[in-house]
Amino acid sequence: MKPTGVKRRRLCVLGSTGSIGTQTLDVVRALDARFEFEVVGLAASGRRPDELARQIEEFRPGWVALARPDALQALQERLSPNALKATRFLVGDDALEQLVAESEPDLVVNGLVGAVGLRPTLAALERGIDVGLANKESLVVGGPLVRRALERGSAKLIPIDSEHSALFQLLQGRPSVEVARVVLTASGGALRDWPLERIPKARPEDVLRHPTWRMGPRITVDSATLVNKALEMIEAHWLFELPYERLDVVIHPQSVVHGLVELGDGSWLAHLSEPDMRIPIQYALTYPERAARRLAPFDLTGTPIALEFRPLERARYPAFGLVVEAGRRGGAYPAVANAADEVAVERFLRREIAFGDIPRLIEAVLAAYESASLASSGTPPDQLDLEDVLEADRWARARARLWKPPS
Ligand SMILES: NC(=O)c1ccc[n+]([C@@H]2O[C@H](COP(=O)([O-])OP(=O)(O)OC[C@H]3O[C@@H](n4cnc5c(N)ncnc54)[C@H](OP(=O)(O)O)[C@@H]3O)[C@@H](O)[C@H]2O)c1
């Protein structure tokens, strides 16, 4: 017999084969009996057909979206006749939005990486479907569009990024006038203790060795440049409707304190937990309630742990200031900075450019955007629509692919 008060919700997981996606499914498998999820939709690019096939066999989602048409056959070959019969496949450019519409979820977890996450976030919010948002690029690229969709409809946006989940919990119901400052913590990434002169020559294998978190490749590289934290500042600006002057970043190597709020009277609030993404994922799934299950218990006295907070060394992280400045300028600048960084990271991981070239590439693409007619004669920044930001994103990607390191 089912316990009384069980909540059964229909869940769609975008980016189900990635770091956030697989951890979301781990949380679903282990939730306490008060919460029950039916996985009705899964989406991935198609690079990991074995993993996606396993998920389809286990959860029987009904609808599956794939970005790459050439990956469909490889996926279908791995499925049992029963799973094949029970699954409808969507492929191509609009597949993610179609999945959100067709699978009729109550909650979408967006664990996609990159600007591709924006359209399905908007599609869900506009249909009144709640979104658990890990894909920070949705707010970086389309912050004003996401805000407008939230204001028009009844859907909720629950952050999954650990810092934003922490701040979301600390700020619950607190009027903005009481909040003096919101502080995001940063581990400092894999190179935080390297001598400054060695950093520009760091190799992918050095940068991908994150000290505290296990994550996908883009965010791990972005943690070493601190572009990730700059994107998170922009994300926090739109999520909590706070001006940049009231947002700050500190380096906190232990990744135990995820967010801090300074109140007007000088009191501080902090959120602590083990660095384990399943904790904010579980909170987003059960919000506004909390699961009783402790995923990664934090032992306050077991292992003595000194919590350190250091100011951010700008010289160590030159890309950070560039991306925050793009956020402050608004309009399509954050979309341009994000696209330039996405391409820079891909090119660095393919060993086409050096680690030290990442900020150079971002700076060059932002400067080119500023001088291009696109920036000056276009639509006013606060009136940009989806097509405007996607056009800026495409333009910046093309530019970033052509950029050559100084010889
Ligand atoms: N990982 C973390 O711990 C963490 C923490 C905080 C925030 N975030 C944020 O969460 C987001 C996801 O990060 P991640 O680390 O989970 O990335 P990831 O491991 O690289 O996973 C990305 C997922 O998106 C899918 N995907 C990529 N392009 C797609 C497309 N065009 N259409 C459909 N699916 C596509 C991938 O499918 P394939 O497997 O087929 O390529 C994969 O399932 C990012 O915005 C990141 O900043 C992550």
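Visitor: Is Asp222 buried or exposed, and what is its relative accessible area?
Guide: Happy to start there, and please keep in mind that this is a predicted model. Asp222 is found in helix H10. The cut-off for buried is under 20% relative accessible area. Asp222 falls under it and is therefore buried, with a relative accessible area of 2%.

Visitor: Which residues is Asp222 in contact with, leaving aside its neighbours within four places in sequence?
Guide: Let us stay with this residue of helix H10. Once the neighbours within four places in sequence are set aside, the contacts of Asp222 are Val227, Asn228, Leu231, Asp341 and Val345.

Visitor: Why is helix H10 described as largely enclosed by the rest of the structure?
Guide: The buried residues of H10 are Arg218, Thr220, Val221, Asp222, Ser223, Ala224 and Thr225. Their cover includes helix H7 (137-152), helix H9 (204-207), helix H11 (227-240), H13, helix H14 (333-349) and helix H15 (357-371). H10 spans residues 217-225, and it is largely enclosed because the buried residues number seven of the nine.

Visitor: Which residue just after H10 takes a positive phi?
Guide: Step just past the end of the helix. There the backbone has a positive phi of about 70°, and the residue is Leu226.

Visitor: How many of the residues of helix H8 are buried?
Guide: H8 covers residues 162-171. Its buried residues include Ser162, Glu163, His164 and Phe168. They pack against E7, strand E8 (179-186), H11, strand E10 (257-263), strand E11 (268-272) and H12. H8 is largely enclosed by the rest of the structure, so the count to remember is 10 of the 10.

Visitor: At about what angle does H8 run to E10?
Guide: H8 lies across three strands, E8, E10 and E11. Just after H8, Gly173 takes a positive phi of about 70°. As for the helix itself, H8 runs to E10 at about 35°.

Visitor: Which strands stand at the edges of the sheet of four strands, and why is one side of each left without a neighbour?
Guide: This open sheet has the order E9-E8-E10-E11, with mixed pairing. Each edge strand has a single partner strand, so one side of each lacks a neighbour in the sheet; these are strand E9 (247-251) and E11. Neighbouring strands here are turned by 20° against each other on average, direction ignored. The edge strands, then, are E9 and E11.

Visitor: What is the bridge partner of Val182 in E10?
Guide: The mixed pairing shows up well around E8. E8 and E9 run parallel and are joined by five bridges, with Ala186 partnered by Ile251 in E9. E8 and E10 run antiparallel, also joined by five bridges. In E10, the partner of Val182 is Val261.

Visitor: Which residues make up the uncovered face of E9?
Guide: In a regular strand, side chains alternate between the two faces of the sheet. In E9, the covered face holds Leu247, Val249 and Ile251. The uncovered face is made of Asp248 and Val250.

Visitor: Which are the edge strands of the sheet of seven strands?
Guide: This sheet is open, with parallel pairing and the order E4-E3-E2-E1-E5-E6-E7. An edge strand pairs on one side only, and here that applies to strand E4 (88-91) and strand E7 (157-159). Neighbouring strands are turned by 25° against each other on average, direction ignored. The names you want are E4 and E7.

Visitor: Which residue in E5 does Cys12 stand opposite?
Guide: Strand E1 (residues 7-14) pairs with strand E5 (residues 107-110) in the parallel sense, over four bridges. Opposite Cys12 in E5 stands Val108.

Visitor: At about what angle does H12 run to E5?
Guide: Two helices are worth viewing against these strands. Helix H5 (residues 95-102) lies across E1, strand E2 (35-44), strand E3 (63-66), E4 and E5, at about 170° to E3. H12 lies across E1, E2, E5 and E7, and its angle to E5 is about 160°.

Visitor: What is the area of the nonpolar surface patch that includes Phe309?
Guide: Phe309 sits in the loop between helix H12 (278-286) and helix H13 (318-329). Phe309 is partly exposed, with a relative accessible area of 40%. Together with Leu272, Leu300, Ile305 and Leu307, Phe309 makes a patch of about 440 Å².

Terms used:
Residues are numbered from 1 along each chain as its sequence is written. This is a predicted model: local features need pLDDT of at least 70, side-chain atom pairs count only at pLDDT 80 or more; totals for chains, interfaces and linings use all residues. Side-chain values use heavy atoms; hydrogens and water are left out. Patches are made of residues with over 30% relative accessible area and no salt bridge: like charges are joined within 9 Å, nonpolar side chains (Val, Leu, Ile, Met, Phe, Trp, Tyr) within 5 Å. Accessible areas come from the Shrake-Rupley method with a 1.4 Å probe; for residues, only the protein chains shown count as cover. A salt bridge is a side-chain nitrogen of Lys or Arg within 4 Å of a carboxyl oxygen of Asp or Glu. Buried means under 20% relative accessible area, exposed over 50%, partly exposed in between (1.4 Å probe, protein chains only). Contact means heavy atoms within 4.5 Å. Two strands pair if DSSP finds at least two bridges between them. Axes are lines fitted to C-alpha atoms, for helices over the stretch in contact, and angles run from 0 to 180 degrees between N-to-C directions.
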